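Here are my notes on the model, point by point. Have a look at the structure first, then read on.

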Amino acid sequence: FPLRGVTHHVGNEQLWYRARIRALSVPLMISMGCLKPKLHGTPFQRSMLEPVINFLGAAVNCVVVWSLQTQWRTSGILDAVE
């Protein structure tokens, strides 16, 4: 289905779905980064580098969501012809 959901103004619907699914991971990664330091002193203690990686992953996912959304908005049929 290479042209599924493509209209004159927006691109393939898979880009829209991928952006939404990636956007759902941002609050999850932020909450994981906030909660991991609370495990300090327990058998489930994590390295102090893990929260940093979670916050960086959330920032990267924000950029990916922005990129997918922009690609979806600008890859319609009329945009490809111009």
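**Notes on the predicted model**

1. Starting with Arg46: with 40% relative accessibility, Arg46 falls in the partly exposed class (buried is under 20% relative accessible area, exposed over 50%, partly exposed in between, using a 1.4 Å probe and protein chains only). Its side chain pairs with that of Glu50 in a salt bridge, at 4.0 Å from N to O. The rule here is a side-chain nitrogen of Lys or Arg within 4 Å of a carboxyl oxygen of Asp or Glu.

2. Some housekeeping before going further. This is a predicted model, where local features need pLDDT of at least 70 and side-chain atom pairs count only at pLDDT 80 or more, while totals for chains, interfaces and linings use all residues. Residues are numbered from 1 along each chain as its sequence is written, and side-chain values use heavy atoms, with hydrogens and water left out.

3. How many salt bridges are there by this rule? The count is two. Besides the Arg46 pair, Glu50 also meets Lys36, side chain to side chain, at 2.8 Å from N to O. Glu50 belongs to helix H2 and Lys36 to the loop between H1 and H2, so this pair ties together parts 14 residues apart in sequence. (Helices are DSSP runs of H or I with at least four residues, strands are runs of E with at least two, and both are numbered from the N terminus.)

4. Is Lys36 buried or exposed? Lys36 is buried, at a relative accessible area of 17%, whereas Glu50 is partly exposed at 27%. Shared partners link Lys36, Arg46 and Glu50 into one salt-bridge network.

5. Lys36 turns up again around Asn54, a helix H2 residue. Leaving out residues up to four places away in sequence, Asn54 touches Met29, Met32, Gly33 and Lys36 (contact means heavy atoms within 4.5 Å). Asn54 is buried, with 6% relative accessible area.

6. Which residues make up the largest nonpolar core? There are five: Val10, Leu15, Ala19, Leu68 and Trp72. Helix H1 (13-35) and helix H2 (49-73) are the elements that give two or more residues to this core. For the definition, a core is a set of buried Ala, Val, Leu, Ile, Met, Phe, Trp, Tyr and Cys residues joined through side-chain atoms within 4.5 Å.

7. Two core members are worth clicking on. Trp72 contacts Val10, Gly11, Asn12, Glu13, Leu15 and Trp16, neighbours within four places in sequence aside. Val10 sits in the segment before H1 and, with the same kind of neighbours left out, contacts Gly5, Trp72, Arg73, Ser75 and Gly76.

8. Now the surface: Leu49, Val52, Ile53 and Leu56 form a nonpolar patch with about 380 Å² of accessible area together. Patch residues have over 30% relative accessible area and no salt bridge, with like charges joined within 9 Å and nonpolar side chains (Val, Leu, Ile, Met, Phe, Trp, Tyr) within 5 Å; areas are Shrake-Rupley with a 1.4 Å probe, and for residues only the protein chains shown count as cover. Val52, in helix H2, is partly exposed at 44%. Trp66 is also found in helix H2 and counts as exposed, at 59%.

9. Finally, confidence. Mean pLDDT for the chain is 90, and 94% of its residues reach 70 or more (pLDDT is the predictor's confidence in each residue, from 0 to 100). Among the elements, H2 has the highest mean, 96, and helix H3 (residues 77-81) the lowest, 66.
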